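Please work through the exercises below with the sequence and the model open side by side.

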Amino acid sequence: WNRRRSARPRRRVHQATDATTRSHLHIGRDLRRALEHQEFVLHYQPEIDTGTGRMVAAEALIRWLHPQRGMIGPNTFIPVAEHVGLIGRIGQWVLETACAQLHAWRAAGHDLRVAVNFSVEQLRRRDITDTVAYTLERFDLRPDDLVVEITESICMHAHDRARESLAHLAQLGVRLAIDDFGTGYSSLSYLKRMPVRILKIDRSFVVDLADAADATIVRNIISLAHELDLTVIVEGVETADQHELLRVMGCDVVQGYLVGKSLPPALFHDAFLAHRRHAIVVQKRV
Ligand code: C2E
Ligand code: MG
Ligand code: MG
Ligand code: MG
C-alpha cells in the first residue's frame, strides 16, 4: 500500500532554484507580516464515528487570508514556512487557537476533541512537550482532548529528537495520529514501535475504493491496525457508497466532503454543533 503523491510542494523546496529561493524570501517576509497582522485562520472539519454517527473530533486546518491574493491553502505556504524557519511560531499559533476554540466549544456544552497538524520542525524543539502541556493547562483542557497529527513520512524519517518528542507527548497523554498513511513506504510493523493511537488512511485509497485491489488493501490496513489497537480514520470520504463500504470494513471514523468540508468556526458551529446534522450520515445507510 505504498503510494506517492504527485507533485508535492515540498519537493520544489528541495529543488529550489535561485528564483524560487528569492520567492521564498519574499513569501517569508509576507508570512512574518501575516503572523503580526493575524492573517491566519483555522477552519475545522468534522471527524465522525461510523458506528454512532457522532462527531468525535474536529481537525483544525490552517488558511492564510492574504490581503491581496485571497485565501491560500496550507499546501502552498506551510512548506515555505518550514523552509524559512517560521513553522514554530505558526505551529504555536495553531495550537493556541485550536485549544482556545475547543475551550469555547466545551464551555457551550459540546463534547469533542480537536486535532492539529504538526510539522517535524515543531518536534525538533526540546521544549515542545512543555509548550503543549502549558497550552492545554492554559485553556483548561486535558492532554486527552488533543490529537496531534504527523504525516507518515515525518514518522519514518524523524531523527532521534523528534522521536523523543513523540514519546514525551504520548507520555503526557496527547493522542498521536499518523496522517496520510499509505503515501510513504512504511509498514504497519514499524507502527508497533511508535506511540501512536490513530491511523489516518490517505484519501488516495478512497478514490478507487470500488476497485477490488484498493478495497483489499484498505480492508487489510484496517484489520492490521485494529490488531495493533489503533483507531482507524479514513480521510476524503465523499460518497455514501464509500462510507458504507468503509463501515462494513470496520473503519472507526470517517472524514470528508460527504460529512462536510472544513469551515470557519461560526459556520462549523451552525452546521455541525448547533443541530447535530452530521447524524444524517448514519441515518442514510439504514
Ligand atoms: P491533512 O492533514 O491530510 O488534511 C486533509 C486535507 O484534505 C485538507 O486539505 C482537507 O481540506 C482535505 N479534504 C478533507 N476531506 C476531503 C474530501 O472529501 N475530498 C478532498 N478532495 N479533500 C478533502 P487542506 O486543508 O488543504 O490541508 C492540506 C494539508 O496541509 C493537510 O493535510 C496538512 O498536512 C497540512 N496542514 C493543514 N493545516 C496545517 C497546520 O496547521 N500545520 C501544519 N504543519 N500543516 C497543516
Ligand atoms: Mg491532518
Ligand atoms: Mg491527511
Ligand atoms: Mg496531507
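Two exercises on the metal sites follow, each with a worked solution.

This is a predicted model, in which local features need pLDDT of at least 70 and side-chain atom pairs count only at pLDDT 80 or more, while totals for chains, interfaces and linings use all residues. Residues are numbered from 1 along each chain as its sequence is written, chains are lettered from A and ligands numbered from 1 in the order in which they are written, and side-chain values use heavy atoms, with hydrogens and water left out.

**Exercise 1.** Determine which residues coordinate the magnesium ion (ligand 2) and where Glu59 and Asp179 sit in the chain.

Step 1. Donors are N, O and S atoms within 2.8 Å of the metal (3.2 Å for Na, K and Ca), and because water is not among the atoms, sites may look incomplete.
Step 2. Glu59 (OE), Asn117 (OD1), Glu149 (OE) and Asp179 (OD) coordinate the magnesium ion (ligand 2) at 2.0 to 2.2 Å, with the spacing E-x57-N-x31-E-x29-D along the chain.
Step 3. Glu59 belongs to strand β2 (residues 55–66) and Asp179 to strand β6 (residues 175–181), 120 residues apart; strands are DSSP runs (E, at least two residues), numbered from the N terminus.

**Exercise 2.** Identify the donors of the magnesium ion (ligand 3), and find which residue bridges it to the magnesium ion (ligand 2).

Step 1. The magnesium ion (ligand 3) is coordinated at 1.9 to 2.3 Å by Asp179 (OD), Asp180 (OD) and, listed twice, Glu235 (OE), and these donor residues are spaced D-D-x54-E.
Step 2. Asp179 is the bridge between the two ions, which lie 4.4 Å apart.
Step 3. Asp179 counts as buried because its relative accessibility is 5%, where buried means under 20% relative accessible area (1.4 Å probe, protein chains only); Glu235, at 12%, likewise counts as buried.

Technical notes. Helices (H or I, at least four residues) and strands (E, at least two) are DSSP runs, numbered from the N terminus. Buried means under 20% relative accessible area, exposed over 50%, partly exposed in between (1.4 Å probe, protein chains only).
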